[in-house]
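Me: Hi! I'm new to this one and would like a friendly tour. Could you look at it with me?

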Amino acid sequence: MIKKLTQKQIRFIRMSMIFIISTALMSMINENAHATVKPKATVKQTVDLVVKGVVKDKDGPLPSVTVSLKGSTKVFTATDINGNFSLKVPEDGVLVFKAIGFATQEVPVNGKSTINVVLQGSVSALNEVVVVGYTSKALSQLSSSVSVVSGEKLRDVTSNDVNSMLQGKAPGVIVSSASGSPGAQPSVVIRGSSSITAGSAPLYVVDGVIGGTANPNDVESVTILKDAAATGLYGSRAANGVIIITTKSGKAGKNQVNFSLTTGVNDATTGNFKLMNGQQLYDYQKTFYDPATFNRDRPASLLSNNTNWMNLAFRTALTQNYTVSVSGGSERTQVYVSGNYYNEQGTLRTTFNQAYNLRANVTHKISDKFKLSVRLNTGFRRTADDASGNYGAIVGATRNLPWDYPYNPDGSIREGTEANWLGREHDNFLHGWQYNLNDTKQTFLNGDVRLDYYITPGLSFSSSNRAGYTNSKGELYYDVRSKAGMGLGQLINNLSFQSNLITSNQLHYEKNIGKNSFSAIAVAEAETNYADANSLLGQGLVAGLHVMNAASTILSSGALNGSTNENSFSKGLVQVDYNYDNRYFLVGSYINEASSRFGANKRAGNFFTLGSSWILSNEGFMKDQKTFDLLKLRASYGQTGNAQIGNYQTLGLYSFSSQYAGYSASVPAQLANPDLTWEKAKTVDVGLDVSIFKRITLNVDVYDKTSAALLLNVQLPYTSGYSSVIQNVGSVQNRGLELNLSTVNLKGKFNWETNFNIAFNRSKVIKLDQGKDIITDNGFSPPTIVSVGHDLNSFYMRKWAGVDPANGDPLWEKVTTDASGNKVVTKTNVLSDATPQFVGSFSPKFTGGFMNTFGYKSFTLSAFFNFVSGNMVFNSSRQNFDSDGAYETVNSIQMVDGWSRWTKPGDIATHPKAVFGGNKNSNKISSRYLEDGSYLRLRNVMFGYDLPKNFLSRIKVSSARVFVSGDNLWTLTKYSGMDPEIALGPGGGNSVDRYPISRKVLFGINLGL
């Protein structure tokens, strides 16, 4: 019986036959060519030998380095986890060592059986390795739109929130905050809002696992994935983009101890906002007050008091930021441990943000096949918000009259309820501050365990697992002695607990065949999240005692609530990458993910991404040119998903919060929709990456993102018994252009580098349920509208038409149609007769930032600006202190440049005639209070000095740097309020009693031991 030959045996026989035949032919040729030559020439024999060695960089062994024989497309291998390689090559061959992010090295064998190599990191940013999805790639090899912000560039601004530090540093990433309170969480929108009811926040990934937190001092880099090819492996939840945070790790070699200290002062920025003092307000009110009663209601004796309530509410505060880290290790074990203390006093008195954070990242090589990584991140945070009373200190600071005095003659604080208190709110926030408390405490812990198994060269398996929890307690206490305590004392406790578990199991494969490089990844992932919350309201407490069991009464209404929520996700995916000769790149992925948030009939969604790129500068026809370091075209297309809705939205639910005859009663609360499924966004992106003369780098992206099957609350007929049900209806489109330009302007003894980014975005509603507009108008906030063909974030209200020069009346537009159906616009001084219409949007036309960095010897100077342009802001606060006489018991603002008030017939003015009690509803909601929210801000400027090395060596310090920096030092804007920055995402556009941002001046030192 003849056994079938294996492929290996067939290959051996084939190669043997080729060798024998080629040897015979060569012998014949040599014999004929040298037949007349005597003696006969001898042919030198080439001997093969096995070469072994280790490949490292300055930090230790390098895995996955390609080692090949120069001139051959078949002789190659890759280093293992320890950087080891073994390859059989001719004794006179040349080995080529290649790795992403490192300069290629060629080493002659010269008969040596052992060759150890230390690769040098490439200085080019094009070879910077960035984390994308579950893998890492060189920037030059990406087929997608990605922005990278290094930890060093992130930390020029002093904060303990990564999101706020990202502001203006990546094109297409809009970071905005509705409050300057320390600890306030900003909103982040990437490439425009694309949802109406569902959330628009990006997906966060920390150290390769969805979710988690990171202290800014521990961040190595932040990668923002924006198009479908970039978000591919997270595609099922990446419709709003992905932010990947990579934390620091220890390096093999010398242990390092680093200490950083930053401390400084904060002041509130008030921009163009100025209130009237006592004399100015007195003179202003005299213009509209009834002369017969003015002297009685406003006696001149009031001018003896000129209280600056803003100065009483705000302070010069202190910020402190201390970090200690230890890193290092051996080739088998690397460790990074850090501790951070951050304390920022709010500029509004009594407010603060205090945080402690501890992180430990440990990596240990168990064997040549196994590596274990453990990451722990834990912390405690305490924040205090304004607890002055029902109105709040900012309301008091901006509306209290300067004639009211805060203190009694004996120095005690007035309550505001005294008979001679003139202000409308009858509230002195200083009084409540003595006794009240508004405090939140939070602890958290995240633990990651990752196991890597290197099965064979090119094939590996990894399992990443995380468990995390967050526990918080909020306490709002109104003392019995305060006005808000209502003579009883009141305490509200809010308790919440959150936990999450996630496991991500990945199989990686890499293969190089000549000029062809293949890689693939398969992932199976599961996640579960749990949350519960409870709140209690107690009354009847002894002064100063804020514990719930001291309350005489626990109220059954108001703040008595409880809830439990759970959700789960499960995912399977595969992605394949192909690279031909470092010129042509293709990437594709397929994702299937299921979520408990969706209906039983359509719980799972299918998603895909495709990307390609072409590096023209690596083509032969560009080999001899010296202009382009990189010239690359790329394109991508894909479908991503959004699951940011509440839990149990697909179920038919009953509410048991009602009572009947003393028992819990159930009533229908929600209509079932078992067909509810994922919101999906299809994105097309075309990009160009250019690098010239190793000094100029330009990245350009043009994109079109269209979200369909929106998760939208659809109104139902009242006869159904339900107000609405969430359905997959509607479509929103975002189109835009992004540019990022980096230049090395000067290089030598004096260095100057510039980075500039700008992004343009236009959103448009494509489809809604039956084409019906969605108007949001609660009577207090500016009305908004979602309408087909218009921007998603559109204001919809009566349009201001100025002031009537004849009599000083307010005017609004009234829109009608004539007999021919033509639009006719007239003016009216009756607010109710005016026509609500589209009056602008709070979506910016463009956003961005730019930084200049200068260096001379040991000195560095950097200045970073960010800007927002083209968005409208509704300044709600002006309804109170710019009311044209409507509220004589509220302070008024001073006129800003360009404003004027009507005083006599013929005046062309911006403000109507001031009338006691108001001028025909001129201060009610209309586009009068819509202002241009554009601004240019000096976000940070920093000047630093590195101490001389020879001096540091004498005191056993490896590095030392001292610096002074300033945050938010200057803002250019036409906006009349304290700060034009507002929340720009869904639900934004409104500025009311805003906590102003802080201007900080800080000093610091960084030490390396």
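Me: To start, which residues does valine 242 touch, not counting residues up to four places away in sequence?
Reply: Happy to help! This is a predicted model. In it, valine 242 touches Ile190, Pro202, Leu203, Val205, Thr223, Ile224, Leu225, Thr231 and Tyr234.

Me: Which residues have the most contacts inside the largest nonpolar core?
Reply: They are Tyr134, Leu225, Tyr234, Val242, Phe598, Ile645 and Leu711, in a core of 31 residues. So your valine is on that list. As background, nonpolar side chains tend to be buried together in soluble globular proteins.

Me: Which elements give two or more residues to this core?
Reply: Those are β9 (129-132), β14 (203-206), β15 (209-210), β17 (242-247), β26 (516-539) and β28 (561-580). There is also a second, separate core of 22 residues, and Leu275, Ala397, Ile413 and Trp433 are among them.

Me: Let's zoom out. How many helices and strands does the chain have?
Reply: The chain has eleven helices and 54 strands. Its C-alpha atoms fill a box of roughly 135 × 75 × 65 Å along the principal axes.

Me: And what is the radius of gyration, next to that of a compact globule?
Reply: The chain has 34 Å, and a compact globule with 1009 residues would be near 30 Å, so the two agree. Buried residues make up 48% of the chain.

Me: What share of the contacts join residues at least 24 apart?
Reply: That share is 68%, counted among contacts between residues at least 6 apart in sequence. As for the surface, the chain exposes about 47100 Å², with carbon and sulfur atoms supplying 57% of it.

Me: New topic, sheets. What is the strand order in the open sheet of three strands?
Reply: The order is β43-β44-β45, with antiparallel pairing. The edge strands are β43 (800-803) and β45 (823-828), each pairing on one side only. On average, neighbouring strands here are turned by 35° against each other, ignoring direction.

Me: How many bridges join β44 to β45?
Reply: Six bridges join them, and β44 covers residues 810-817. One pair to look for is tryptophan 812 with its bridge partner threonine 828 in β45.

Me: What about β6, how does it pair with β3?
Reply: Strand β3 (residues 66-69) and strand β6 (residues 94-98) run antiparallel and are joined by four bridges. Threonine 66 stands opposite lysine 98 there. β6 also pairs with strand β7 (residues 105-108), again in the antiparallel sense over four bridges. In that pairing, valine 96 has glutamate 106 of β7 as its bridge partner.

Me: Is serine 327 buried or exposed?
Reply: Serine 327 is buried: its relative accessible area is 12%, which is under the 20% cut-off. Serine 327 lies in strand β19 (residues 317-329). Leaving aside neighbours within four places in sequence, serine 327 is in contact with Gly250, Lys254, Asn255, Gln256, Val335 and Tyr336.

Me: Last one, the loops. Where is methionine 486 found?
Reply: Methionine 486 is in the loop between β24 (459-478) and β25 (490-513). Methionine 486 is exposed, with a relative accessible area of 53%. Its phi is near 55°, a positive value in a residue other than glycine.

Me: And what is phi for lysine 920?
Reply: Lysine 920 has a positive phi of about 55°, although it is not a glycine. Lysine 920 sits in the loop between α10 (878-881) and β50 (930-932). With a relative accessible area of 42%, lysine 920 is partly exposed.

Terms used. Residues are numbered from 1 along each chain as its sequence is written. This is a predicted model: local features need pLDDT of at least 70, side-chain atom pairs count only at pLDDT 80 or more; totals for chains, interfaces and linings use all residues. Side-chain values use heavy atoms; hydrogens and water are left out. Buried means under 20% relative accessible area, exposed over 50%, partly exposed in between (1.4 Å probe, protein chains only). Contact means heavy atoms within 4.5 Å. Two strands pair if DSSP finds at least two bridges between them. Axes are lines fitted to C-alpha atoms, for helices over the stretch in contact, and angles run from 0 to 180 degrees between N-to-C directions. The radius of gyration is taken over C-alpha atoms; the globule rule is 2.2 Å times the number of residues to the power 0.38. Accessible areas come from the Shrake-Rupley method with a 1.4 Å probe; for residues, only the protein chains shown count as cover. A nonpolar core is a set of buried Ala, Val, Leu, Ile, Met, Phe, Trp, Tyr and Cys residues joined through side-chain atoms within 4.5 Å.
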